Amino acid sequence: MSSTLLEVTRAAHEEVERLERLVVKDLQTEPNSNKDRLVQSHRVRNMIDTITDTTERLIEIYEDKDNARKDEIAALGGQTATGTNVFSSFYDRLKEIREYHRRHPSARVAVDASEDYENLLKEEPLIEFSGEEAYGRYLDLHELYNQYINSKFGKEIEYSAYLDVFSRPHEIPRKLKMTRQYREYIEKLLEYLIYFFQRTEPLQDLDRIFSKVVADFEEQWVTSTLQGWETEGQENGHVPAQHSELDLDYYSTVEELMEVGSERLKEELAAKGLKSGGTLQQRAERLFLTKHTPLDKLDKKHFAKGARGKEQNGVAPAPQEVGNLKDIALMDAKMKKLCDLLSETIERTIQNVQKKQALTYEEMEAEREEEETQVDTESDDEEQQIYNPLKLPMGWDGKPIPYWLYKLHGLGQEFKCEICGNYSYWGRRAFERHFKEWRHQHGMRCLGIPNTKNFNEITSIEEAKELWKKIQERQGGIKWRPELEEEYEDKEGNIYNKKTYTDLQRQGLI
């Protein structure tokens, strides 16, 4: 009965809640390998996309632009064009339900939808990786490397060196970046890195990352502080980034204009595309012509070679050129951000390339098969449930120890220590060892009693206090008295105790 709009709404809410619980359940499972992690991430991403699409449909239903939801709610209340008739609406609805179940007898059988949703956790989305990428562990930049070494902006270097250089586009001279060849190269490089990042990190929000990159880029571009793009001048260097145009309205004669200086006139003529040679007076006369005559009406003889073609109707192509440079600079900034996010993968790729250079093809294939076999074996071992009905302690290999060893060490015997906070020790060996461990030493320190051999096998607090009291009393009776027992010897070899020696020395007899 999902034909009604309200039923569609209810089913959509149920689907969203089920998918949310599945996402939580899937993320609580720790993947065993890199491949399992990628499969889990893509599976969760697919469920999130389904939740997003379903939510968008719900928003459209609640907006109710065609009033279909409002009419259906009114119909449930018995409101018709002729008036309100609740019973007529109820029986019409009942008739519709009976007719539906008569046509679809299988709908009477209750279907557990949770089983279908649980199967989503077992799906393995298809993720395309090349052999060189090895399920997202390494980058595959061989095509871009060939384009780099065969270009004017590139260098003839090894592939391993290229992997260390490609993430630093600011080292390439700016003039070489203004070519179409570099633009095509940076577009392909950025496209590959985005595609690789989406395959290896499907849960990352790349749009949000790029929005922050664009915001930082716009701020640095305006202030000319972007690394590798510090200046915005033209390629020939005639027009500086912050060029202030000379206002000719302040000058009424050529002689006044000559006072500006030869270099300043040369810069202004070059900015307008006019010839900048000649004497100071010739430059001033040539520039003064532009005060009353537009550039498009000046004689061709006043323009520099090629300047007339670059400038039509007084509009220079500089804004379009600056726009192209800005696009290239933005692609550089995005590429550098992706390289920062993939820094571990780049480093791992460099190490893998350097390692493969010392191996033959057969050795590389054997190593790859060994890695795949090892991952599968580890996954199978971890998936197997350990059978331990006697609840024996686990050994170093993660499996229960043999039963004879369990009986030999008496691990079934429990010893409790009140000084350790009623902590239980299993087996005689563990009990005897604990008297030298931190837990027992801390308990004795809290009682103000030294942890000596006299207190071994003492686990009761009262017994420890009584024993410490007896030891103190015994040490008080045989306490060493230095004034009577400490011995001194004079020059003649006579032996005295401390008290006698001090008295004789005071009297001057010694």
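Axes here are lines fitted to C-alpha atoms, for helices over the stretch in contact, and angles run from 0 to 180 degrees between N-to-C directions. The model is predicted.

**Exercise 1. Classify the packing of H2 against H9.**

Step 1. Take the geometry. The axes of H2 (residues 34–63) and H9 come within 8 Å. They cross at roughly 95°.

Step 2. Apply the cut-off. Angles of 65 to 115 degrees count as roughly perpendicular. H2 is therefore roughly perpendicular to H9.

Step 3. List the residues that meet. H2 contributes Arg37, Leu38 and His42. H9 contributes Gln198, Arg199 and Thr200.

Step 4. Sort them by class. The contact has one nonpolar, three polar and two charged residues.

**Exercise 2. Describe how H12 and H13 cross, and with which residues.**

Step 1. Locate the helices. H12 spans residues 262–272 and H13 spans residues 280–288.

Step 2. Read the geometry. Their axes come within 10 Å and cross at roughly 40°. H12 and H13 are therefore oblique to each other. The crossing is left-handed.

Step 3. Name the partners. On the H12 side are Ser262, Leu265, Lys266, Glu268, Leu269 and Lys272. On the H13 side are Leu280, Arg283, Ala284, Arg286 and Leu287.

Step 4. Sort by class. The contact of H12 with H13 has five nonpolar, one polar and five charged residues.

**Exercise 3. Find the residues with the most contacts inside the largest nonpolar core, and the helices that supply it.**

Step 1. Start with the core. The largest one has 44 residues.

Step 2. Pick out the residues with the most contacts inside it. They are Leu141, Tyr162, Phe166, Tyr185, Leu189 and Leu193.

Step 3. Assign helices. H6 (142–149), H7 (159–165), H9 (180–200), H10 (206–222), H15 (318–341) and H16 (343–356) each supply at least two residues of this core.

Step 4. Zoom in on Leu141. Leaving out residues up to four places away in sequence, Leu141 touches Tyr159, Tyr162, Leu163, Phe166, Leu189 and Tyr192.

**Exercise 4. Is Glu156 buried or exposed?**

Step 1. Place the residue. Glu156 sits in the loop between H6 and H7.

Step 2. Check accessibility. The cut-off for exposed is over 50%. Glu156 has 76% relative accessibility, so it counts as exposed.

Step 3. Relate it to Tyr145. The two are 11 residues apart in sequence. Their C-alpha atoms are 9.7 Å apart.

**Exercise 5. Summarize the whole chain.**

Step 1. Count the elements. The chain has 23 helices and four strands.

Step 2. Gauge burial. Of its 510 residues, 28% are buried.

Step 3. Weigh contact range. Among contacts with a separation of 6 or more, 52% join residues 24 or more positions apart.

How values were computed
Residues numbered from 1 in each chain as written. Predicted model: local features only at pLDDT ≥ 70, side-chain atom pairs only at ≥ 80, totals over all residues. Heavy atoms only, no water. Parallel < 35°, antiparallel > 145°, perpendicular 65-115°, else oblique. Left-handed = near helix turned anticlockwise from the far one by under 90°. Contact = heavy atoms within 4.5 Å. Nonpolar A, V, L, I, M, F, W, Y, C, P; charged D, E, K, R; others polar. Core = buried A, V, L, I, M, F, W, Y, C linked by side-chain atoms within 4.5 Å. Buried < 20%, exposed > 50% of the residue type's maximum accessible area, 1.4 Å probe, protein only.
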